Amino acid sequence: MIVILKTTVPLGLVVGLLAGLCLGRPVLDPVAAVRALLDPADPAHVLLVEGRLPRAVLAVGAGGALGVAGLLLQDVLRNPIAGPELLGVSSGAAVVTAAVVVLGLAVPVVLLPYAALAGALVAGALVVLTMGRTRSPDHVALIGAAVSAACGGLVVAVVGLGTQGNVVVLFRYLLGSLAARGWTHVEAVAPWLLVGLVAAALLARRVETLTLGDEVAAGLGVAVTRTRVLAVVVAAVLAAAVASVCGPVAFVALLAPHLARRLARTVATRRVLVAVVPVGAALLLCADQVARLVIYPVEVPVGVATTLVGVPALVLALRSRA
Amino acid sequence: MTPPTTTVLAGDGLAAGHGRTTVVPALDLAVEAGTVTALVGPNGSGKSTLLMTLARVLPPRGGRVLLDGEPITARSSVEVARRLGVLPQTAVVPAGATVREVVEQGRYPQLGPWAMMRRRDDSVMERALRLTGLLDLADRRLDSLSGGERQRAWIAMTLAQQTGILLLDEPTTYLDVRHQIDLMRLVRGLCDEHGITVVMVLHDLNQAARYADRLVALRDGTVRADGPPTAVLTPPVLREVFDVDAVVVPDPVTGRPWFVAR
């Protein structure tokens, strides 16, 4: 399993990247795609640089960020099924996007990611604020599930007000999609992802002590509650940034840490952190190619593809406990 | 042979409890440097709560904890962790972690949160693993080991912290007789040879009498008897603290008190 993972992750990144550049209309062979990318005079140059490349870059960044968010939450809550879904972050972004699309709010397209980000952060903040009242990681997971369910209900309520046309638009968003994402989207999330990744790296050592239990961590001199809140905030920021441009991409955050632990042959947070970025990136990049291919030329939302790819991968990973 | 003693850890009017319940109302306790103290008492007497409060793992509900004569809150938590190591009973085994990985966590206070990728200081780790007899098991998964082996791994983690004070909550739990004796001798050796101060919660009274310099008997959060084993392990104290009718005889090996229930 580990050998398979070690070769699959770099391979997935390379193949996914090439496929991302080659596929679509027109389909290019890899050599032509690379040539067109490098040659500004090539007729396909603009399509690649402005269309396919940013989409692939976004998939890599978003996948890596989701992996990190999942790892932080799983370790800090000592819960193997924790993920950003448990923070209400994705559904917070969905509520705002649904409101904007269905109610026809005058939000410029360029600002839509920021509006969604605000919604995601508000939902995440609700969970973080309630954390101050409880010491138990299980309570945090429960509160997150409640906020998430409440946001899900709001989305359905808003969608109920919509016409058929904007419900279709929303439907695609709600399943998560990387279609037609450009550099503006990349630029919108890049600073958030960067800050989140650096913060995650700085927190990793402390988060690792929390996996041994709160009292052990406190005995080692770690500020338990502060570390837990900070880690949840960082995970919320990462997941919110991703959800604001890609919608709620399912499963990557849950799955990537489990695969990365097997890849790194350890459960030590700071070592898994290094592995989870490429694993998450490869996972989302490849899922996006599956999304584009499976019923070509029609695209399925990437959220469907991550589930199609992710469920068997998770089952396999859990069966072969290294 | 009684050199002048210094108090390294003390509770000053200390009240301790979990959540809203107070288990220890107000307690004064001074622990002298280079001694082994055993806290004994029935279930629910407040031993563990007191130990965790002394270790600043639980916040005091009143009074204060003094570390080297100063309030423990005057130092940062990491600084405290370089002086005082604690083994709680609530340690969680992370699924898939190896013994070495868990023991390595004990290095956190010495290395700090920024030592992301630093090479682990192997000599300290090896020593902790050797003293607990875990060298051969170092790369095994903790969740594949027996309860006693796990317990030894947690003790190794605490030793890797390299502190002058050790607080151990029921360290012999799950250990077989051989490893119980080894651990008690290890504790005695840490104290006698390295001057490490140990406070531990023990359930086995004969073990406490044999290896500790001082017994503190608690019941309902108050100290009922405090002193050398000969003064504490007596029939009246056993009756008052444990409701046990007992005979106390000298232990044939050491001459320390040895109790047998009637």
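1. Let's start with helix α3 of chain A, which is mostly covered: 24 of its 32 residues are buried. Please keep in mind throughout that this is a predicted model.

2. How far apart are the end C-alpha atoms of α3(A), and does the helix length agree or disagree with that? The helix covers residues 45-76 of chain A, and at 1.5 Å a residue its 32 residues should span 46 Å; the end C-alpha atoms lie 45 Å apart, so the two values agree.

3. There is still a bend to look for along the way. α3(A) turns by about 35 degrees at A:Leu53, with a proline, A:Pro54, following within four residues. Just after the helix, A:Arg78 has a positive phi of about 50 degrees.

4. Now move to chain B, where 6 strands make an open sheet with mixed pairing, in the order β6-β7-β8-β3-β9-β10. The edges are held by β6 (84-87) and β10 (222-227) of chain B; each has a single partner strand, so one side of each lacks a neighbour in the sheet. From one strand to the next, the twist averages 15 degrees.

5. Within that sheet, β3 (residues 36-40) and β8 (residues 197-201) of chain B are a good pair to view up close. These two strands pair in the parallel sense, over 4 bridges, and B:Leu39 stands opposite B:Val201 in β8(B). Helix α1 (residues 47-54) of chain B packs on the sheet and touches β3, β6, β7 (165-169), β8 and β9 (214-219) of chain B. The direction of α1(B) makes about 150 degrees with that of β7(B).

6. Chain B also offers a hairpin. Its strands, β11 (residues 246-250) and β12 (residues 257-261) of chain B, run antiparallel and are joined by 5 bridges. B:Pro250 stands opposite B:Pro257 in β12(B). Between the strands of this hairpin are 6 residues, and B:Gly255 takes a positive phi near 80 degrees.

7. How many disulfides are there over all chains? The count comes to 0. For A:Cys22, the nearest cysteine sulfur is that of A:Cys286, 14 Å away. A:Cys22 has 6% relative accessibility, so this residue counts as buried.

8. Why is A:Cys151 without a bond to A:Cys246? The sulfur of A:Cys246 is the closest cysteine sulfur to that of A:Cys151, but the two are 19 Å apart, which is too far for a bond. Is A:Cys151 buried or exposed? With 11% relative accessibility, A:Cys151 counts as buried, because the cut-off for buried is under 20%.

Conventions. Residues are numbered from 1 along each chain as its sequence is written. Chains are lettered from A and ligands numbered from 1 in the order in which they are written. This is a predicted model: local features need pLDDT of at least 70, side-chain atom pairs count only at pLDDT 80 or more; totals for chains, interfaces and linings use all residues. Side-chain values use heavy atoms; hydrogens and water are left out. Two strands pair if DSSP finds at least two bridges between them. Axes are lines fitted to C-alpha atoms, for helices over the stretch in contact, and angles run from 0 to 180 degrees between N-to-C directions. Contact means heavy atoms within 4.5 Å. The expected span of a helix is 1.5 Å times one less than its number of residues. The bend at a residue is the angle between axes fitted to the seven residues ending there and the seven starting there. Buried means under 20% relative accessible area, exposed over 50%, partly exposed in between (1.4 Å probe, protein chains only). A disulfide is a pair of cysteine sulfur atoms within 2.5 Å.
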